[in-house]
Amino acid sequence: MSQVEQGPQLIEIFTDGACSGNPGPGGWGAILRAGGTEKELWGGEPATTNNRMEMLAVIRALQALRRPVQARVYTDSQYVQKGISEWIKGWKARGWKTASKEPVKNEDLWRQLDALTAHHKLEWNWVRGHNGHAENERCDVLARKGVEAVRKTGQVVENV
């Protein structure tokens with residue numbers, strides 16, 4: 001009797017960003033889950049925006065992966081979810097300009113995120129923030145930990 005070959009293990013990635021003032025000190029948090037194992041990541045920057053922190057959470061989570069994976073990414077940011085799954089194709093086709101011919105905000109992070117996603121098979125999921133989603137709530141706590149660490153040190157912090 002031969003064993004049935006299973007596909008690659010599905011990774012779950014949960015992310016959130018936070019900012020105290022917009023712009024202001026910000027933080028990001030991410031949880032990576034594979035099987036029964038979880039890893040928490042967090043960090044922050046002194047002068048940033050909420051959207052940048054939402055994006056950085058996903059970027060740092062993808063950078064933590066050691067090999068190409070199949071993953072479900074959960075974010076409470078429609079900016080991130082729609083940006084990477086819908087809008088980015090048009091931005092790239094227009095030379096990183098919006099439909100109204102304005103420069104794309106956070107182009108540096110969108111380029112990073114675009115490059116990182118090329119290595120993985122990702123499914124993008126939006127979850128309602130601050131609505132009792134356990135992992136989103138935990139990521140919010142991690143992101144706020146990043147904000148507080150930045151407030152204490154005045155510089156970029158990362159716990160990855």
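Two strands are said to pair when DSSP finds at least two bridges between them. Keep that in mind for the close-ups below, which come from a predicted model.

**The whole sheet, strand by strand.** Welcome to the sheet, which is open and built from 6 strands. Reading across, the order is β5-β4-β1-β2-β3-β6, and the pairing is mixed. The edge positions belong to β5 and β6 (157-159), each of which has a single partner strand, so one side of each is left without a neighbour in the sheet. On average, neighbouring strands here are turned by 15 degrees against each other, direction ignored. Helix α2 packs on this sheet, where α2 touches β4 and β5, and its direction makes about 140 degrees with that of β5.

**Strand β1 and its two partners.** Strands of a sheet pair through backbone hydrogen bonds, either parallel or antiparallel. Which way does β1 run against β4, and which way against β2? With β4 (residues 70-75), β1 runs parallel, and 6 bridges join the two. With β2 (residues 24-34), β1 runs antiparallel, and here 9 bridges make the connection. T15 is a handy residue to look for: T75 in β4 stands opposite T15, and A30 in β2 stands opposite T15 too. Another pair to find is I11 with its bridge partner A34 in β2. Strand β1 itself, residues 10-19, is mostly covered, with 8 of its 10 residues buried.

**The turn between β1 and β2.** Now follow the chain from β1 into β2, which together form a hairpin with 4 residues between the strands. Look for G21 in this hairpin: its phi is positive, near 90 degrees.

**Helix α1, mostly covered.** This view shows α1 (50-63), in which 10 of the 14 residues are buried. The buried residues are M53, E54, M55, L56, A57, V58, I59, R60, A61 and L62. How far apart are the end C-alpha atoms of α1? They are 20 Å apart, which agrees with the 20 Å that 14 residues should span at 1.5 Å a residue.

**Helix α2, with a bend at W87.** Helix α2 covers residues 78-93, and α2 bends by about 60 degrees at W87. At 1.5 Å a residue, the 16 residues of α2 should span 22 Å, and the end C-alpha atoms are 21 Å apart, which agrees. The buried residues of α2 include Y79, V80, Q81 and G83 towards the start of the list, with I84, I88, G90 and W91 completing it. What do these buried residues pack against? Their neighbours are α1, β4, α3 (107-117) and β5 (121-126). After α2 comes G95, whose phi is positive, near 70 degrees.

**A salt bridge between helices α2 and α3.** Here the side chains of K92 and D114 meet in a salt bridge, at 2.9 Å from N to O. K92 belongs to helix α2 and D114 to helix α3, so this pair ties together parts that are 22 residues apart in sequence. K92 is partly exposed, with a relative accessible area of 41%.

**A salt bridge between strand β3 and helix α4.** The count of salt bridges comes to 13, and this view shows E40 meeting R138 at 2.7 Å, N to O. E40 sits in strand β3 (residues 37-48) and R138 in helix α4 (residues 134-153), so the pair ties together parts that are 98 residues apart in sequence. Are these side chains buried, partly exposed or exposed? E40 counts as partly exposed because its relative accessibility is 37%, and R138 counts as partly exposed at 32%.

**A salt bridge within helix α4, and a network to trace.** Next, find E148 and R151, whose side chains meet in a salt bridge at 2.7 Å, N to O. An α-helix has 3.6 residues a turn, so residues three or four places apart point the same way. E148 and R151 are 3 residues apart in helix α4, about one turn of the helix. E148 counts as partly exposed at 38% relative accessibility, and R151 is partly exposed with a relative accessible area of 45%. To finish, trace the network in which salt bridges that share partners join E12, R33, E38, E40, E135 and R138.

Key
Residues numbered from 1 in each chain as written. Predicted model: local features only at pLDDT ≥ 70, side-chain atom pairs only at ≥ 80, totals over all residues. Heavy atoms only, no water. Buried < 20%, exposed > 50% of the residue type's maximum accessible area, 1.4 Å probe, protein only. Expected span 1.5 Å × (residues − 1). Bend = angle between axes of the 7 residues up to and from the residue. Contact = heavy atoms within 4.5 Å. Salt bridge = Lys/Arg side-chain N within 4 Å of Asp/Glu carboxyl O. Axes fitted to C-alpha atoms, helices over the stretch in contact; angles between N-to-C directions.
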